[in-house]
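Let's take a walk through a structure together. Have the 3D view open and follow along as we go.

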Amino acid sequence: MTDTRRPGLGHACMAVLRRDLTLAWRQRGDMVLPVLYALIVTSLFPFALGPEEALLRRIAAGAVLVTVLLAMLLALDAMFRSDIEDGSLEQLMLAPQPLALMLGMKILAHWLATAVPLIVIAPLLAGMLHLPPPVIPVLLLALLLATPLLSLLGGVLVALTAGTRRSGMLLALMLLPLCVPVVIFAAGALAAAQEGLPWIAPIAWLGAALVLAVVLAPLACAAALRIALDS
Amino acid sequence: MANWIPLWLHKLSSPPVFYRFAGTLRPWAIALALVLGIVAMYGGLVLAPPDYQQGNDYRIIFIHVPSAWMSLFIYAVMGIAAFIALVWRIKLAEVVAMASAPIGAAFTFITLVTGSLWGARMWGTWWTWDARLTSELVLLFLYLGVIALYHSFEDRRQGARTAGFLALIGVVNVPIVHFSVNWWNTLHQGSTIRLLGPSTIASSMLWPLLTMMAATKFYYFASLFGRVRADLLALESGKDWVRQIAENEVRR
Amino acid sequence: MSGSLQSFFAMGGYAAYVWPAYGVFFTVLLIDWLAPQFRRRRLLRDLRGRMARQNARNERTGRKSTAST
Amino acid sequence: MSASPSATPLLEARALSFHRQDEPVFGPLDFCLDAGELTLIEGDNGSGKTTLMRILTGLLHPEEGELFWRGQPLTWDRCSGEVVFLGHQLGLKAELSPRENLRFAIGLHGHREHSHIDDALARVGLAGYEEEPVRKLSAGQKKRVALARLLLIPAALWLLDEPYANLDRTGIELVNGLLEAHIAHGGAALVTSHGAVQFHGGEPQRIRLHD
């Protein structure tokens, strides 16, 4: 009845993705920080454990994995923070678009802006700890599956803390139980690859979990946000 | 049609009615818990003979196993209450879910400490990354996460609903953690050690165990009622029935 | 009798593990039991204070009403 | 309370009230809003104007009372796309320019026919500021960017929370002009303000919130 031209779903998704990526690019200083953090943490391991190559090689895969996870946790808090503060999130929730899909796009943008740089420098981190080069493709594959999983799970938790003021430590406490399985399977694949055993099974588990999370996490995120902002 | 059940439930979910209901039941629940607890301890610590393999150490199971069972049972109650709170927005369900969390955390903590004491004796180590212990640790973190999230909101009811959502996520998470740690242990050839073997348990040990389980359950309800009563007072402090209670209490 | 009691407390030399376990059990549950009790008392005390202040305010302004919200 | 029997109103509230921590925020409220009507919500600071607004958007759940949107119970998915909300937080990204902000809003909500971003910005008096980051604009100018969004997004109901705040006299005139045009085109609007507002296009319905 009104002279409405409702935008299509794809159009709206692209609008969200484009805006968030533009914002990330405008504040690219923030994008560098997790990378820097990962580099610093990784370079501390040899100092703490000694430069002995065999020992470093043994812990390399796990150390890189945990470092990347912590770096992502550092950036997680910012996923919706500015949107809540300036009211953009309310506008997003009132838009005639499925909120879950829009939030999925936001999570995707966040993953592209924070996790992809970490994945790019992961071979460097692995090299610093003498991870054998044949394992590095497996490391990248594991990270490619594990980091979006963490972003999706983190997105739900960040949505839950949306109505609170402080959330840094709280987020870590809430994320820990959720990321235990992710770490176990990613590290399991790496350990198997390092020992020359078949590593496809844990990677397949990670992939299955990712598929499930891609479907369910945005829905949970939308529900959590509606609950958390209901005040 | 038994439509008096929903009606009865609806009446019970009104805060002043439940406050009185809980107040009446609470002394009975704690009395039963104490009596059963004392009987179970007499049976477990005095009557039951030492185990031929574990000597007297196994007596820890009389509190360890009921606590572990309670840590899961209370989580289930919390999950169900949280679900009801989120779907039907019933104030009482929110309060029950959030009052359950600290009790569940307490039992989970007891499970971990007693398990650790038992392990120190049996395996010579305080901690092992076995699937059960790890799941229990994750459960403790979940409880703490729920409690922390609840308290980080200024609005109690909103905090309760949000933390309830986290509790529901945890319901999915705990089995996944258990499964993944199991898988992880087979990968690392860790030995899974069981506190209660598949071996048959003597009835002289079984009845104190079951009695203690009943005792902890009654304790949970007593403690839950106490917490719910306090929370309801805080939540409804503007209402007349709470003011009446405050006035009556000072006269005594 | 006292000998058997002593051996009961010694738990065949394993008392160092059994009794602390029971101690933790009862301590934690006792704290869990007392916490809401204290909380309830504090809540009611605060509420009484608030009501007294409200009444005083109402008397000062001459309005006769309780809980005028 | 007088319900017009001719047609179902756009928005109807019955015995709407809200409590926060058991303190009543606003009392039982009844009102109707038809298309082509403007309603002013007046009240002092803390009288619950913003809370009422958030309830009407469907973001906040009313504890007592009922809300109807075109005769059906109001939920956030039923009225989405027909309601546009302008709150204290304007929903603008400080790092983006007004043009980028508005393009994003259009991408999400769609846009009215014959409306263009630059025309809308010119209408609110921001010609020449299209490419400036919003961060560099004054509070009043930011408000004007948000007002330009009202011109672009199609909506049957405007919910404006304190639209006059931060605006000078010409800005207030601008808001009144936008509201008059919106009402004239058959739109409805709910506007909160804590001061007396002079409105030219006839006497609007007024709701007073006491605390």
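Before we start, a quick word on vocabulary: helices (at least four residues) and strands (at least two) are DSSP runs, numbered from the N terminus. Keep in mind, too, that this is a predicted model.

With that in hand, find chain D. Residue D:Asp30 sits in strand E2, which covers residues 23–33 of chain D. Is D:Asp30 buried, exposed or something in between? Count its neighbours: 14 other C-beta atoms lie within 10 Å, so D:Asp30 is partly exposed. The cut-offs behind that label are 20 or more for buried and 12 or fewer for exposed. Now look for D:Glu66, which is 36 residues away from D:Asp30 along the chain. In space, the C-alpha atoms of the two are separated by 9.4 Å.

Next, swing over to where chain B meets chain C. Chain B brings 34 residues to this contact, and chain C brings 24. Which elements of chain B give two or more residues to that side? They are helices H4 (91–122), H7 (203–235) and H8 (240–251). H4(B) supplies the largest share, with 11 residues. Sorted by class, chain B's side of the contact holds 21 nonpolar residues, 6 polar ones and 7 charged ones.

Stay with chain B a little longer. An unreviewed UniProt entry lists several stretches of it as "transmembrane region", among them residues 68–88 and 137–153. In the model, residues 68–88 of chain B are 100% helix, and the end C-alpha atoms lie 30 Å apart. For residues 137–153 of chain B, the helix content is 88%, with 25 Å between the end C-alpha atoms. Strand makes up 0% of residues 68–88 and 0% of residues 137–153.

Definitions and conventions. Residues numbered from 1 in each chain as written. Chains lettered and ligands numbered in written order. Predicted model: local features only at pLDDT ≥ 70, side-chain atom pairs only at ≥ 80, totals over all residues. Contact = placed C-beta atoms within 7 Å. Nonpolar A, V, L, I, M, F, W, Y, C, P; charged D, E, K, R; others polar. UniProt positions renumbered as here; feature names shortened; annotations may be inferred.
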